[in-house]
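Got a structure open and not sure where to start? Let's walk through some questions together and work out each answer step by step.

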Amino acid sequence: MNKDIFLTNNLINKKEKFVPINKKKIGMYVCGPTVYDDPHIGNARPLIIFDILFKILKCKYGKASINYVRNITDVDDKIIKSAQENNISISDLTKKVIKNFNEDCEFLNCEAPSEQPRATDHIDLMIKMISELITKDFAYENNDHVYFKVNKFNDYGKLSNKKVKDLIAGSRVDVSENKKNPEDFVLWKPSIKDEPYWESPWGKGRPGWHLECSAMSKKFLGNEFDIHGGGIDLLFPHHENEIAQSRCANDTKVFANYWVHNAFITMSNEKMAKSQGNILKIKDFRDKINGQVLRLALISAHYKQPLDWNDKLLKDCKNTIEKWYSVYLSLKAPSKIPDEILLPLYDDLNTPGYIANLHKLFDKANNGIDNDKKIFVSACNFIGILNETKTEWLDFKRKKSLISEKDILKKIELRNKARENKNYKEADKIRDELLEKEVLIEDKDGKTLWKIK
RNA sequence: GGCCACGUGGCGGAAUGGUUACGCAGAGGAUUGCAAAUCCUUCCAUCCCAGUUCGAUUCUGGGCGUGGCCUCCA
């Protein structure tokens with residue numbers, strides 16, 4: 001499509017036209033999971049949002065032009081703590097969580113990114129970056145720690161709209177005796193006791209939290225690249241610190257040009273947090289709800305808006321997809337999606353607008369013309385919906401059925417006999433029994449059809 | 001306290017300087033033994049107060065309210 005892509009850029013807090021540095025080599029870096037616990041439904045939101053952005057960019061600039069990097073943070077205080085609490089080794093923990101994460105991605109029908117680098121494979125690059133920062137006097141060592149000098153970087157706070165003096169005034173920043181200034185943040189810290197460590201010029205230790213993204217984005221995307229994404233919570237301090245490190249180490253005016261952040265999910269209007277006990281793991285949905293339903297639910301609000309997760313949302317999305325499958329047909333090749341349909345996605349990933357367009361395409365497809373159906377299914381496929389065949393969709397529901405197919409057919413036969421005898425009371429009773437087992441009966445054109453709710 | 005976002009029908013949720021998408025729910029109808037599903041028709045909304053304007057839900061200012069970040073978080 002010849003239209004421009006627009007994105008809300010948190011660097012300026014405005015929507016603006018996306019202009020790539022090099023349209024044949026577009027770089028997008030998205031902060032992936034810290035693998036201390038299984039991914040939850042909140043983690044799924046950026047996975048899907050940036051998966052769709054990946055698709056849009058490929059659509060406009062060509063498949064081979066996009067380099068989408070999503071890291072895995074496998075060294076972190078939370079991981080150490082979680083491993084201790086669960087009494088397993090750090091590598092067993094990260095291995096397990098990474099496996100679950102990858103399965104979740106597949107379940108949610110997210111395409112694999114171009115690269116999925118791990119922090120622990122890039123410690124050498126981080127050490128190199130710290131050394132450069134020290135050489136350039138943007139960082140200092142003190143008592144086996146290395147800190148970044150925040151006051152040496154004039155643009156600090158530009159992304160998150162914060163003033164350093166406000167941060168100190170709030171005095172919420174971590175105060176440490178080793179820091180020269182309270183706002184400084186750690187680049188390297190010593191390992192104590194059984195903590196994992198790497199050898200470095202500053203002794204045995206491990207990198208600070210923010211450094212891995214600076215090191216890995218540099219490796220895969222260069223010193224300056226196009227898009228950096230993640231959850232809104234990462235805006236500060238994580239992304240602010242990344243910018244400071246990277247620009248100072250690389251001597252650049254720019255790190256990423258566009259900063260895109262997704263809002264949070266709430267659970268029945270409450271913040272989703274471990275302390276609230278309302279974390280829903282993605283893997284716990286796998287047998288209950290089709291991944292497509294979760295996907296549709298997660299894009300039912302614009303990515304910048306908070307999204308409330310509740311039963312009605314899931315029910316509505318399930319019914320929608322159920323309805324949409326009524327015009328499903330398998331495609332040999334995707335049809336061209338009309339520009340006016342695609343337009344909302346180009347305009348800052350307006351997924352609700354796109355869904356509205358899908359409803360309009362459905363109405364058209366419902367007239368029975370194959371070409372309209374093909375366009376509709378193609379448009380669904382574009383955002384990763386209706387990716388399964390109708391059989392697969394039905395099989396998923398059958399798997400969790402409370403009654404066997406044989407028994408269902410037996411009941412239907414009994415019911416139809418009752419109907420022939422005009423014993424409608426008995427017929428309705430059987431129908432209610434089936435409904436209790438989530439089997440829905442439809443009498444259509446003299447035949448009785450059934451489906452799992 | 002500082003910064004940011006948001007306030008649209010019964011609910012969810014887009015967009016817009018001039019008829020306010022779309023979905024769910026509701027109402028009526030077609031169909032059905034009754035339903036279900038489907039189809040057709042239909043009701044319902046821009047937090048408050050000023051300002052700019054021929055005209056504001058949209059822009060500006062103020063107010064009220066909600067949420068987020070400032071500490072680990074997607």
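Q: At what angle do helix α8 and helix α9 pack?
A: Keep in mind that this is a predicted model. Two packed helices are described by the angle between their axes and the distance between the axes. Here the helices are α8 (residues 291-298) and α9 (residues 311-324), and their axes lie 9 Å apart. The angle comes out at about 115 degrees.

Q: Is the crossing of α8 and α9 left-handed or right-handed?
A: Let's see who takes part before we settle the hand. From α8, the residues in contact include L294 and L296, and from α9 they include L313 and W324. By class, this contact has 9 nonpolar, 2 polar and 1 charged residues. As for the hand, the crossing of α8 and α9 is right-handed.

Q: Which strands are at the edges of the open sheet with the order β4-β3-β9-β10?
A: This sheet has 4 strands with parallel pairing. An edge strand pairs on one side only, so look at the two ends of the order. Those edge strands are β4 (66-70) and β10 (256-262).

Q: By how many degrees are neighbouring strands of the β4-β3-β9-β10 sheet turned against each other on average?
A: The order β4-β3-β9-β10 tells you who sits beside whom. Direction is ignored for this value, which is an average over neighbouring strands. That average is 20 degrees.

Q: Which residue in β4 stands opposite G27?
A: Start with the pairing: strand β3 (residues 26-30) and β4 run in the parallel sense over 5 bridges. G27 has its opposite number in β4. That residue is N67.

Q: Which helix, packing on this sheet, makes about 160 degrees with the direction of β3?
A: Two helices are worth checking. Helix α1 (residues 41-61) lies across β3, β4, β9 (225-231) and β10, but its angle is given against β4, at about 170 degrees. The other helix covers residues 211-221 and touches β3, β4 and β9. The one with about 160 degrees to β3 is α6.

Q: Why is one side of β5 and of β8 left without a neighbour in the sheet?
A: This open sheet has 4 strands in the order β5-β6-β7-β8, with antiparallel pairing. β5 and β8 (205-207) stand at the edges, so one side of each has no neighbour. The reason is that each has a single partner strand.

Q: Which residue in the turn of the β5 and β6 hairpin has a positive phi?
A: Strand β5 (residues 139-142) and strand β6 (residues 145-148) pair in the antiparallel sense over 4 bridges. There are 2 residues between them. Most residues other than glycine have a negative phi. The one in this turn with a positive phi, about 55 degrees, is N143.

Q: Which residue in β7 stands opposite F148?
A: F148 is also the bridge partner of A139. On to the next pairing: 3 bridges join β6 to strand β7 (residues 185-190), and the two run antiparallel. In β7, the residue opposite F148 is F185.

Q: Which helix lies across β5, β6, β7 and β8?
A: The helix we want covers residues 123-135. Its direction runs at about 120 degrees to β7. That helix is α4.

Q: Which element gives the most to the lining of the second largest pocket?
A: This pocket has a volume of about 460 Å³. Its lining divides into 7 nonpolar, 2 polar and 10 charged residues, and K315 and K318 are among those closest to the centre. α9, α13 (390-399) and β15 (447-452) each supply at least two residues. With 6 residues, the biggest giver is α9.

Q: Which residue does a cis peptide bond join to F236?
A: Most peptide bonds are trans. This one has an omega of about 0 degrees. The partner's place is in helix α7 (residues 235-250). The residue joined to F236 is P237.

Terms used:
Residues numbered from 1 in each chain as written. Chains lettered and ligands numbered in written order. Predicted model: local features only at pLDDT ≥ 70, side-chain atom pairs only at ≥ 80, totals over all residues. Heavy atoms only, no water. Axes fitted to C-alpha atoms, helices over the stretch in contact; angles between N-to-C directions. Left-handed = near helix turned anticlockwise from the far one by under 90°. Contact = heavy atoms within 4.5 Å. Nonpolar A, V, L, I, M, F, W, Y, C, P; charged D, E, K, R; others polar. 1 Å grid on protein atoms, 1.4 Å probe; cavity = no way out; pocket = protein on both sides within 12 Å on 5 of 7 lines; lining within 4 Å. Points joined across faces, edges and corners; volume = space filled by probe spheres on them.
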